Each structure stands twice: as C-alpha cells, then as structure tokens.
Amino acid sequence: MSYIIDRRQNSKKKSTVNRQRFLKRYKKHIKEAVEDAVNSRSITNIDQGGSVTIPRRDISEPIFHHGPGGKTKRVFPGNKEFVVGDEFQRPSGGGGGGGAGEGSASNQGEGMDDFTFQISQDEFLDFMFDGLELPYLVKKQLKNTTQFETRRAGFTNAGAPEKIHIVRSLRSAQARRVALTGKERREIRELEQEILTLEARLPDEEAAQQIVCLRERVEELKAHIKRIPWIDDFDIKYNNTIRVPVPSSKAVMFCVMDVSGSMTQSIKDIAKRFFVLLYLFLKRNYKQIEVVFVRHHTHAKEVDEQEFFYSRETGGTIVSSALKLTAEILEDRYPPGDWNIYVAQASDGDNWDGDSNICGDLLDAKILPKVQYFSYVEITTGPHQNLWMEYEKVHAKWEDAFAMHQITDASEIYPVFRKLFEKKTEGAA
Amino acid sequence: MKKEPISTGAEWTFELIERYDREIARIAAGYGLDTYPNQIEIITSEQMMDAYASVGMPLNYNHWSFGKQFVETEQNYKRGRMGLAYEIVINSDPCISYLMEENTMTMQALVIAHACYGHNSFFKGNYLFRTWTDATAIIDYLLFAKNYIRKCEERYGVAEVEEILDSCHALMNYGVNRYQRPQPLTAAEERERQKAREEYIQRHVNQLWNTIPQKETEQKTTEQRFPAEPEENILYFVEKNAPLLEPWQREIIRIVRKVSQYFYPQKQTQVMNEGWACFWHYTLLHGLYDEGLVTDGFMMEFLHSHSSVVYQPPFDSPYFSGINPYTLGYNMMQDIRRICENPTAEDRDWFPDIAGSDWNETLHNAMRNYKDESFILQFLSPALIRELKLFTILDDSEKPTLGVSSIHDEIGYQQIREDLSAQYNLGNREPNIQVYNVNVRGDRALTLRHYVHNGQPLAEDSEEVLRHLHRLWGFDVHLESVLPDGTVSNSMHCPPIQTDMIQAAI
C-alpha cells in the first residue's frame with residue numbers, strides 16, 4: 001500500500017532558477033555590496049564570496065493586512081499572576097499591539113532586520129567583473145594556436161629505462177614463466193606421484209631401481225625449469241605517454257609595479273589592489289594564462305606573486321629598468337604570434353628625470369608593437385610629472401593599445417579598473 | 001506475547017522503513033484511520049530546502065520570491081539558526097511524504113506515523129479538504145501551470161510574466177472563494193478547455209466594455225452597480241472582467257488563484273491538522289511499544305522529540321512566538337480522549353454529548369467536520385484552559401494601556417474559548433476587502449471596499465498592493481474603508497487623485 005522511493009539522487013539544485021531570478025532582481029543592491037567589499041577588503045580574501053544585505057522593506061511582498069490600531073484581543077499562554085482588570089503599558093516596538101495572530105509578527109527573533117544572505121565566490125566575481133572584458137582578445141582567440149600536453153596512456157613494450165613500470169614488468173615475467181614451464185611441472189607432479197606409489201612397494205628391487213630412474217628424470221626437468229630466464233627483454237613494460245593537442249588561447253599578463261621610496265604604503269596598497277583585481281579577473285577569464293610580476297625601484301626584478309605583493313624594498317626610481325626587463329622577457333619567452341600580451345603598470349608617477357624619454361622609446365620600439373594592451377595607472381594626488389607627460393605622447397601615437405588613468409584614492413580603483421577594461425567595440429584594432 | 005523489536009540501532013535502511021510502515025499501517029487500520037496510499041520519498045537536506053522554497057510542493061512555477069525564500073532558508077540553516085522540518089507532506093493522491101536522510105530510524109518511524117497516517121488521514125477525511133481541493137489532480141495541475149508559465153516566459157519575456165505574477169501574489173489571499181465550491185480541477189480538462197476559455201472570456205469582456213451606444217431608455221434606469229453583489233474573490237473578478245488583459249495574463253491569474261485556493265483549507269486547519277497528526281504519532285508509536293516491537297531506547301528518543309514539538313513557551317519567554325499550533329492541537333485531541341474515557345463532573349457539565357462516548361469515533365467526527373475556529377469553539381475544555389494557563393489581552397487603541405480581559409477562571413472559560421476561536425477565524429485575521437463597483441459607463445475605475453472590523457485600519461503598505469491591482473486592472477483603482485455604520489472612514493487611490501496631491505502639497 002505504501003511506495004518507498006529513494007529520491008536522493010534526483011537533482012538537488014531545483015531552486016537555482018528561482019535563486020538566480022532573485023539575484024537578478026536585486027542586482028543593484030548586490031552590486032553595491034560587492035563594490036563596497038572590493039574597496040574595503042584585504043587583498044588575500046577579496047575573491048571570496050560575501051554576504052549581501054538588502055533592506056527588508058525593499059524586498060517585502062506587500063499584501064493586505066491590518067495595521068496597528070483598532071480593538072484587538074489576543075490569547076496568551078502561561079499566565080502567572082494576572083487577574084482580570086490588570087492594566088499595563090504597551091510594549092514599545094508595537095509587537096503586541098499589532099493584528100491578532102498576524103503572521104508578520106515575526107517568529108524569527110530577527111524581526112524586521114535587514115535581509116542578509118551569502119553569495120558564492122563565483123557570483124561575487126561575476127558581479128565584480130560584470131560587463132568587463134579584456135580588450136581585443138577575441139581576435140587572437142580565434143586563431144588556432146595549439147599546444148601539446150603530455151598525458152599517460154597505458155603501457156608499451158619499448159621505451160626509455162626510466163619509464164620502466166616495475167610491477168607490470170614482474171607480473172608479465174611471472175606469467176611467462178608460468179606459461180613456459182607448465183608441461184614440465186605437470187610431469188614432475190606425475191613422476192612424484194609415481195615415486196610415492198613405488199615407495200609403498202619398498203623394499204622391492206625393481207621398484208627401487210625405477211625410483212632412481214624417475215628421480216633422475218625429475219632432476220632433469222627441474223634443471224630445465226631453472227633454465228627459463230627469470231626476466232626477459234620482452235617482459236619489460238614501459239609507461240606510455242602521448243602528446244595530446246590542447247586548444248588554447250594563451251594570454252600573458254605583465255604586472256609592473258614601482259616599489260621605490262617615493263611610493264608610500266597607501267599608494268602601494270592601492271597599486272596592489274589594482275593588480276589583485278586584474279589578477280583575479282584574468283584567472284577567471286582565461287584558463288591558460290601566465291602572469292609575470294615585475295617590480296622595480298632602480299633595478300627591476302621578476303618575482304613571484306607572493307613576493308610581488310608582500311615583500312618590502314625601497315630605493316630610487318628608474319622606470320625604464322622595469323620596461324627593459326619586460327621587453328627582455330617578452331623577447332625570450334612570449335613570441336607575440338602565440339601569446340596575447342597585456343601589460344599593466346602602476347606607479348606614483350615619480351621617475352628619475354633623464355629616464356622618462358628612455359621609457360617612451362622602449363615602449364615605442366620594443367613593447368607596444370607586441371602587446372595587445374598596455375594600461376598604466378598613476379596613483380597620485382599631486383600634479384603629473386615627467387613620466388605622465390612622456391606617456392601622453394606615447395598614448396597619442398598608440399591610442400588603441402595604450403591606456404592611462406589616474407587614481408587618487410582606494411575607492412576609485414574599481415571604477416578606473418572598469419574603465420580601462422570596459423568592453424571595447426568589436427571592430428577595434 | 002512480547003515480540004522481537006524491529007530494530008535496535010539508529011541507522012535506517014529501506015527494509016526497516018518498509019517494515020515499520022507495515023506495522024504502523026496495521027495499527028492505524030486498527031484505529032480505523034482512512035488514508036490515501038502513501039508515497040514515501042527519501043530526500044537530502046538540500047532537496048528539503050528546495051521543497052521549502054516552493055511552498056512545500058514538489059514542483060512549482062519559477063518566481064523570484066521562491067528564490068528569496070530559498071536563500072533565506074539556506075542562510076538560516078547553514079548558520080544553524082533553524083533546523084529543517086523532519087518531513088513535508090503533500091495533500092495529493094497518493095499522499096507524498098518527504099523523509100530526510102539525516103533522520104535516525106526512530107525519527108523516520110515518527111515521521112511515517114505523523115505524516116503518512118496522521119496528516120494523510122486528515123487530508124482524506126476533513127470536510128474542508130474534501131470540499132475545496134482535489135488531491136488526485138494537484139500534481140498534474142502544478143505541472144500544467146509550470147509548463148504554461150514557462151511557455152509564456154518564452155513568448156512574452158520573463159520580465160513581463162514576472163510583473164503579472166508579482167501582482168497576483170500581492171492579491172493571492174484574495175483569490176479564493178470562501179463560500180462557493182470551486183469546480184474540481186483536472187489537468188487534462190484544463191488544457192483542453194484553456195483555449196476555449198481564452199476566446200470566450202475575451203469576447204465576454206468585450207461585450208461588457210462595448211462602447212456602441214445603447215438605447216436611451218436603458219440609461220435612465222437607476223444607477224446599477226457592477227458587480228451587482230460585492231465580489232470577495234478579487235483575482236477572479238479581475239480575471240473575468242479586467243478590460244485590457246491578454247488571454248495569457250488571465251490564465252496566469254487563474255493559475256495563481258487556483259494554487260491559492262488549494263492552500264486555503266490548510267490555512268484554516270493548522271491547529272487541527274497538526275494536533276491530529278501529533279495525536280496519532282503518539283498513539284501509533286505507543287501501539288508499537290505495547291507490542292514490544294520497539295525498544296525502550298526508541299521510545300526515549302521519540303518522547304524527547306515529541307515533547308519538544310509540543311512544547312509551548314510561556315508568553316514571557318524569549319522563545320515565545322504565539323500559541324504553538326502543535327501544542328494546542330495535540331492537547332485538545334488528548335483532552336477529547338480524556339473527556340470520553342474519564343470524564344469529570346465538569347466535563348459532563350460542559351460536554352454532555354461526548355463525555356463517556358467512544359473516543360475514537362468522537363475524534364474522527366471532530367476531524368471530519370470542523371476547522372480550527374469551530375473546533376476550538378466546540379472542544380476547548382476548561383481543564384485545558386487551566387493547564388495552558390490561557391488569558392486574553394485586550395488592546396484598544398483608544399485606551400492608553402493594555403488590559404487583561406479574561407483569565408483561566410470560572411467566568412473566563414467561555415470568553416477565552418471565544419477569543420481564541422476568533423483568533424483562528426480567517427475572516428478576522430485578514431481584512432475583509434471586496435470588489436464593490438466598477439464605473440462601467442465612465443472612467444472604468446474599480447472600487448474596492450474594506451469593511452472595517454473592530455476598528456482595525458489597513459496597514460501602510462496597502463497602497464503598494466493597490467498599485468499591483470492597478471497594474472492588473474489597467475484603470476484607476478479606489479479602496480474605501482467602510483465603518484459598520486456605512487460611513488467611509490478612509491480611502492486610497494491608485495494613481496493618487498490630484499486633489500489629494502494638491503492637499504498634500506499645501
């Protein structure tokens with residue numbers, strides 16, 4: 001009469017559509033929350049999901065119901081000392097005064113607090129990068145650059161010694177030995193059986209003689225078995241690897257940052273955030289992406305992500321050192337035919353006077369011809385200095401590939417970031 | 001005659017569930033519980049949250065408000081602020097009950113007794129459910145609704161459909177017929193008739209709004225209201241008469257009001273339904289225990305859950321959130337049994353007709369023929385009022401203080417019983433608002449009337465609801481609050497009337 005059904009394997013995410021519709025409806029609120037988080041969070045946890053708070057009145061679904069007022073009666077349990085005619089003040093907050101038994105008299109302790117909920121990391125980033133796209137990638141993405149990846153693919157009989165698979169090899173050696181000695185071992189078993197029966201007849205001259213005869217034959221067979229090699233050439237198995245073509249649209253991102261003495265801690269923080277945003281953005285958009293971090297003061301150095309953001313160094317400023325290093329790395333490792341190259345530079349605009357025109361030349365000759373996009377953010381509240389002037393000249397020449405912007409404080413990072421990377425029209429470049 | 005216990009550990013298996021179900025069914029049949037066939041489904045906690053979010057139904061159309069519900073449930077659950085219900089049961093034939101996989105064997109048995117035999121028999125027996133819902137068709141109908149709305153979204157856009165649904169949801173409580181029995185709905189018929197209905201309604205509406213001049217003589221007749229009698233089902237009225245709606249929009253309104261109608265009995269029988277289910281899980285599991293089919297440990301775990309379900313925090317406790325329907329219902333059911341089996345002189349005085357009668361028959365009779373309001377009015381006994389220490393607070397906005405109007409004493413019993421019953425009267429809880437008039441010959445304005453009860457005004461966000469109604473109706477909408485003596489105490493308009501705006505500006 002009863003049917004018992006196991007539904008646990010059914011799809012779990014039945015509410016996904018509804019949840020997405022809810023998020024879409026309150027996109028504005030969520031975006032505000034996300035932008036707040038981007039501006040105020042520390043770098044290490046910027047890409048985690050987050051909680052979003054929406055004022056409850058904004059998401060309430062209105063229905064007709066009674067407001068406070070009028071004459072209502074309500075029955076309560078657990079009377080202790082009240083008698084008829086007792087009077088007391090209305091509790092403030094109107095909880096008791098409202099409509100009798102009305103559902104809205106919040107049963108969750110929280111009452112009319114704001115509506116807070118979590119969004120996942122993916123959703124957080126979606127909102128953060130909403131509408132952003134790396135420029136011009138599409139063009140090269142379509143180009144069929146293929147890369148090969150080495151993957152394991154079973155076992156073979158030939159290969160280099162370092163690829164020997166020991167277990168497989170020994171297993172096949174044993175199989176071979178078992179197969180080649182089957183006949184002999186069977187014969188030995190039969191002979192030994194015979195010897196046993198003959199021994200029962202002892203002492204009997206003829207039997208004793210036969211036993212000796214048989215023993216000889218057994219020894220002979222055993223010697224034969226021993227001659228089978230314990231391991232042979234064709235027992236040896238090798239791990240097989242094949243090269244599989246992996247379609248890819250490769251992009252490399254250079255992060256160039258000034259860490260010189262003129263960069264104060266707050267400027268560095270802003271620069272760091274700009275790169276963090278960039279880095280997250282790239283990690284999210286492209287599966288195949290390499291990021292090169294170049295930091296500089298008077299000398300430039302290629303560092304890893306950790307060192308780029310967290311180690312401290314100071315000194316003077318020669319921007320061209322970083323550009324030169326960037327150009328070298330480009331030359332060595334990233335042929336522009338295979339890579340989409342992006343460079344982002346952050347600085348306070350300070351540079352050694354004689355250096356700026358070298359920077360301009362370097363950009364003009366070695367870097368900009370190869371890159372898809374070069375973005376420069378200057379984090380300063382003061383007037384522009386010679387580097388900015390120089391870069392403006394470059395900008396005039398390379399309008400499509402070179403972008404520059406000024407940031408004055410942390411809250412501007414995100415808008416500027418968006419501006420630099422906002423979707424370009426499709427026909428461009 | 002003690003038997004081997006069915007199980008001793010906490011782990012459940014499908015075999016054990018089947019075995020428990022068989023034994024419980026046998027005992028339930030012994031008590032004469034009449035149920036739909038059961039369909040017991042084991043689900044995970046995520047699936048339970050999904051079920052929560054779509055008002056407990058196994059499938060429903062898509063809407064952002066369900067998403068909001070889901071997000072909230074998920075948040076509360078993950079923070080550990082609330083546990084999920086152990087079960088959800090759906091009034092359908094076969095009766096679908098969801099069991100969570102996290103439950104122990106004891107909990108599964110409890111849930112089977114509670115949902116599959118308690119609620120199930122209530123759905124099948126209670127007059128409201130028998131009258132207003134068609135258990136065999138609801139799942140099919142929801143499937144039809146889901147598909148229809150999805151098709152509308154494809155054809156007219158998600159935003160367009162969402163607007164209509166938002167507006168319908170705002171008026172959902174006013175989409176039910178309280179007195180007139182609805183046609184039973186079957187999905188197959190629904191699909192067949194839906195096309196014909198579209199055309200018919202559209203023609204009908206056009207006739208109503210016909211602008212071709214009528215004969216002079218008709219105009220002279222005394223001004224007639226349309227509708228001639230006030231209409232309580234606002235969504236129904238809009239569906240049939242709104243001049244500008246597209247056929248598919250009318251169909252969506254119809255879907256929302258059908259769903260609303262389906263839930264209408266549940267809203268009116270919460271105390272009874274839960275009380276009935278609690279009473280039977282208690283009785284059935286004790287039946288198992290008496291036969292030696294379950295262990296002492298099983299009973300300890302069961303009683304622990306049971307007593308926390310039927311716990312009523314006193315009014316001054318931080319956990320107090322109104323009267324617990326489980327407590328009230330369960331205690332009333334047990335109390336009726338007590339009155340039948342061991343009546344005191346007081347009981348004989350108050351309940352001469354049931355004191356000493358057959359308890360099972362009396363309970364079944366109560367289950368079949370009452371709803372919360374009448375059930376309390378009929379069966380709440382002085383003994384139980386004393387046990388729960390009930391008292392009434394009178395809140396009169398014209399007086400500066402609250403007053404205690406009745407307590408659990410000789411003169412208070414009758415009054416408390418009436419007060420509590422009134423509290424469960426849907427007519428008191430929801431403002432009484434009806435369609436009063438449509439200016440058919442003029443600006444097509446729709447006038448609603450709110451019949452003020454006990455001087456309770458409408459809440460502030462009623463204007464918001466009016467805006468939704470305005471969206472559906474397409475022309476001006478007015479809402480008048482009318483006092484019992486017929487004077488209009490307050491009125492709202494959407495869009496706001498210009499004189500009002502001028503006054504506000506001054």
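**Exercise 1. Locate B:N454 and describe its backbone and surroundings.**

Solution. B:N454 sits in the loop of chain B between β7 (446–451) and α21 (462–473). Helices (H or I, at least four residues) and strands (E, at least two) are DSSP runs, numbered from the N terminus. The model is predicted, so local features need pLDDT of at least 70 and side-chain atom pairs count only at pLDDT 80 or more, while totals for chains, interfaces and linings use all residues. Residues are numbered from 1 along each chain as its sequence is written, and chains are lettered from A and ligands numbered from 1 in the order in which they are written.

Next, the backbone: B:N454 is not a glycine, yet its phi is positive, about 55°. Last, the surroundings: B:N454 is partly exposed, because 16 other C-beta atoms lie within 10 Å. A residue is buried if 20 or more other C-beta atoms lie within 10 Å of its own, exposed if 12 or fewer, and partly exposed in between, with C-beta atoms placed from the backbone.

**Exercise 2. Do the same for B:K389.**

Solution. B:K389 belongs to the loop between α18 (382–388) and β4 (391–396) of chain B. Its phi is near 55°, a positive value in a residue other than glycine. With 17 other C-beta atoms within 10 Å, B:K389 is partly exposed.

**Exercise 3. Find two cis peptide bonds in chain B.**

Solution. One cis bond runs from B:D93 to B:P94, with omega near 0°. B:P94 is in the loop between β2 (87–90) and β3 (95–100) of chain B. Another cis bond leads from B:C494 to B:P495, with omega near -5°. The loop that holds B:P495 lies between β9 (488–494) and α22 (498–505) of chain B.

**Exercise 4. Is B:F123 buried or exposed, and which residues does it touch?**

Solution. Start with the position: B:F123 is in helix α4 (residues 105–125) of chain B. Then count: 25 other C-beta atoms lie within 10 Å, so B:F123 is buried. Leaving out residues up to four places away in sequence, B:F123 touches B:Y36, B:N91, B:C95, B:F129 and B:A135. Two residues are in contact if their C-beta atoms, placed from the backbone, lie within 7 Å. B:A135 is 12 residues from B:F123 in sequence, and their C-alpha atoms are 8.4 Å apart.

**Exercise 5. Describe how α10(B) packs against α11(B).**

Solution. Two packed helices are described by the angle between their axes and the distance between the axes. Helix α10 (residues 234–241) and helix α11 (residues 247–268) of chain B pack at about 160°, with axes 9 Å apart. Axes are lines fitted to C-alpha atoms, for helices over the stretch in contact, and angles run from 0 to 180 degrees between N-to-C directions. The angle therefore makes α10(B) roughly antiparallel to α11(B). Angles under 35 degrees count as roughly parallel, over 145 as roughly antiparallel, 65 to 115 as roughly perpendicular and the rest as oblique.

In the contact, B:L235, B:Y236, B:V238 and B:E239 of α10(B) meet B:R250, B:I253, B:R254, B:V256 and B:R257 of α11(B). By class, this contact of α10(B) with α11(B) has 5 nonpolar, no polar and 4 charged residues. Ala, Val, Leu, Ile, Met, Phe, Trp, Tyr, Cys and Pro count as nonpolar, Asp, Glu, Lys and Arg as charged, and the others, Gly among them, as polar.

**Exercise 6. Describe where chain A meets chain B.**

Solution. First, the totals: 56 residues of chain A are in contact with 78 residues of chain B. On the chain A side, α1(A) gives the most, with 7 residues. That side divides into 19 nonpolar, 21 polar and 16 charged residues.

Then look at one helix pair. α1(A) and helix α3 (residues 64–78) of chain B pack at about 100°, with their axes 7 Å apart. This angle makes α1(A) roughly perpendicular to α3(B). Residues of α1(A) in the contact include A:F22 and A:R25, and those of α3(B) include B:W64 and B:F66.

**Exercise 7. Describe the domains of chain B and their contact.**

Solution. Chain B is divided into domain 1 (14–126 + 269–305) and domain 2 (310–427), with bounds from an automatic or database domain assignment. Their C-alpha centres lie 26 Å apart. In the contact, 14 residues of domain 1 of chain B meet 18 residues of domain 2 of chain B.
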